[in-house]
Amino acid sequence: MVDAAVLSAVASPRRQEILRLVWNAERAAGDIHAAMPDVSFGAVSLQLRALTEAGLVECRREHRHRYYRARRDALGPVGAALERMWDDALWRLRLQAELEHSRRGPRPARRTPRRKQP
């Protein structure tokens, strides 16, 4: 049986993306942030904390840096479902749309065509 905290943690598209990033290899917090340039480092840090508290990610400190790695065994059957989902191109498109929709802060200005003067 999958814990409710696990399901709650993987419900967020941002957390799913972070899990994907640290699934196969350990990554520094700065590298994770660099892969998600549309959010602040603080926002990435909060997501990492939620994943760590849910037991889905382990954190290793080395001096001032923190390195994260997924705890695949903690996800159980949800991990296999995530791996299948990450391989799907349609999922990647959906993730991009959800991330854009959930983005906080000012939106980039839309460029409108200039009207020609008569």
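## Briefing: a mixed helix-and-strand chain

Read from its start to its end, the chain follows the pattern α-α-β-α-α-β-β-α-α-α. That pattern comes from seven helices and three strands. Please keep in mind that this is a predicted model. Here is a friendly tour, from the whole chain down to single residues.

**The chain as a whole**

- The chain has 118 residues, and 32% of them count as buried.
- About 8,600 Å² of the chain is exposed, with carbon and sulfur atoms supplying 51% of that area.
- Among the contacts with a separation of 6 or more, 59% are between residues 24 or more positions apart.

**The sheet**

- The three strands form an open sheet in the order S1-S3-S2, with antiparallel pairing. S1 and S2 stand at the edges with a single partner strand each, so one side of each has no neighbour in the sheet.
- As general background, strands of a sheet pair through backbone hydrogen bonds, in either a parallel or an antiparallel way.
- S1, which covers residues 27-28, pairs with S3 in the antiparallel sense over two bridges. Arg27 has Tyr68 as its bridge partner in S3.
- S2 and S3 also run antiparallel, and six bridges join them. Two bridge partners in S3 can be named here: Ala70 for Val57, and Tyr67 for Arg60.

**The hairpin and His63**

- S2 (57-62) and S3 (65-70) are linked by a loop, and His63 lies in that loop. The hairpin made by these strands has two residues between them.
- His63 has a positive phi of about 60°, although this residue is not a glycine. That is worth a look in the backbone torsions, because most residues other than glycine have a negative phi.
- The relative accessible area of His63 is 80%, and the residue counts as exposed because the cut-off is over 50%.

**Glu58 in strand S2**

- Glu58 is found in strand S2. With a relative accessible area of 41%, Glu58 is partly exposed.
- Beyond its neighbours within four places in sequence, Glu58 is in contact with Tyr67, Tyr68, Arg69 and Arg71.
- Glu58 and Val22 are 36 residues apart in sequence, and their C-alpha atoms are 9.9 Å apart in space.

**Helix H2 and its packing on H4**

- How is H2 (residues 13-21) set against H4 (residues 41-53)? The two helices pack at an angle of about 75°, with their axes 10 Å apart. That angle makes H2 roughly perpendicular to H4.
- By class, the contact of H2 with H4 has six nonpolar, one polar and two charged residues.
- On the H2 side, the contact uses Arg14, Arg15, Ile18 and Leu19. These meet Val44, Gln47, Leu48, Ala50 and Leu51 in H4.
- For reading such a list, it helps that an α-helix has 3.6 residues a turn, so residues three or four places apart point the same way.
- Why is H2 described as largely enclosed by the rest of the structure? Eight of the nine residues of H2 are buried, so the rest of the structure largely encloses this helix.
- The buried residues of H2 are Pro13, Arg14, Arg15, Gln16, Glu17, Ile18, Leu19 and Leu21. Arg14, Arg15, Ile18 and Leu19 are thus buried and also take part in the contact with H4.

**Ala35 between H3 and H4**

- Where does Ala35 sit? Ala35 is found in the loop between helix H3 (29-34) and H4.
- Ala35 is partly exposed, with a relative accessible area of 36%.
- Setting aside its neighbours within four places in sequence, Ala35 is in contact with Leu21 and Arg27. Leu21 is one of the buried residues of H2, while Arg27 is the residue whose bridge partner in S3 is Tyr68.
- Ala35 and Ile18 are 17 residues apart along the chain, and 9.0 Å separates their C-alpha atoms. Ile18 is one of the H2 residues that meet H4.

Notes:
Residues are numbered from 1 along each chain as its sequence is written. This is a predicted model: local features need pLDDT of at least 70, side-chain atom pairs count only at pLDDT 80 or more; totals for chains, interfaces and linings use all residues. Side-chain values use heavy atoms; hydrogens and water are left out. Helices (H or I, at least four residues) and strands (E, at least two) are DSSP runs, numbered from the N terminus. Buried means under 20% relative accessible area, exposed over 50%, partly exposed in between (1.4 Å probe, protein chains only). Contact means heavy atoms within 4.5 Å. Two strands pair if DSSP finds at least two bridges between them. Axes are lines fitted to C-alpha atoms, for helices over the stretch in contact, and angles run from 0 to 180 degrees between N-to-C directions. Angles under 35 degrees count as roughly parallel, over 145 as roughly antiparallel, 65 to 115 as roughly perpendicular and the rest as oblique. Ala, Val, Leu, Ile, Met, Phe, Trp, Tyr, Cys and Pro count as nonpolar, Asp, Glu, Lys and Arg as charged, and the others, Gly among them, as polar. Accessible areas come from the Shrake-Rupley method with a 1.4 Å probe; for residues, only the protein chains shown count as cover.
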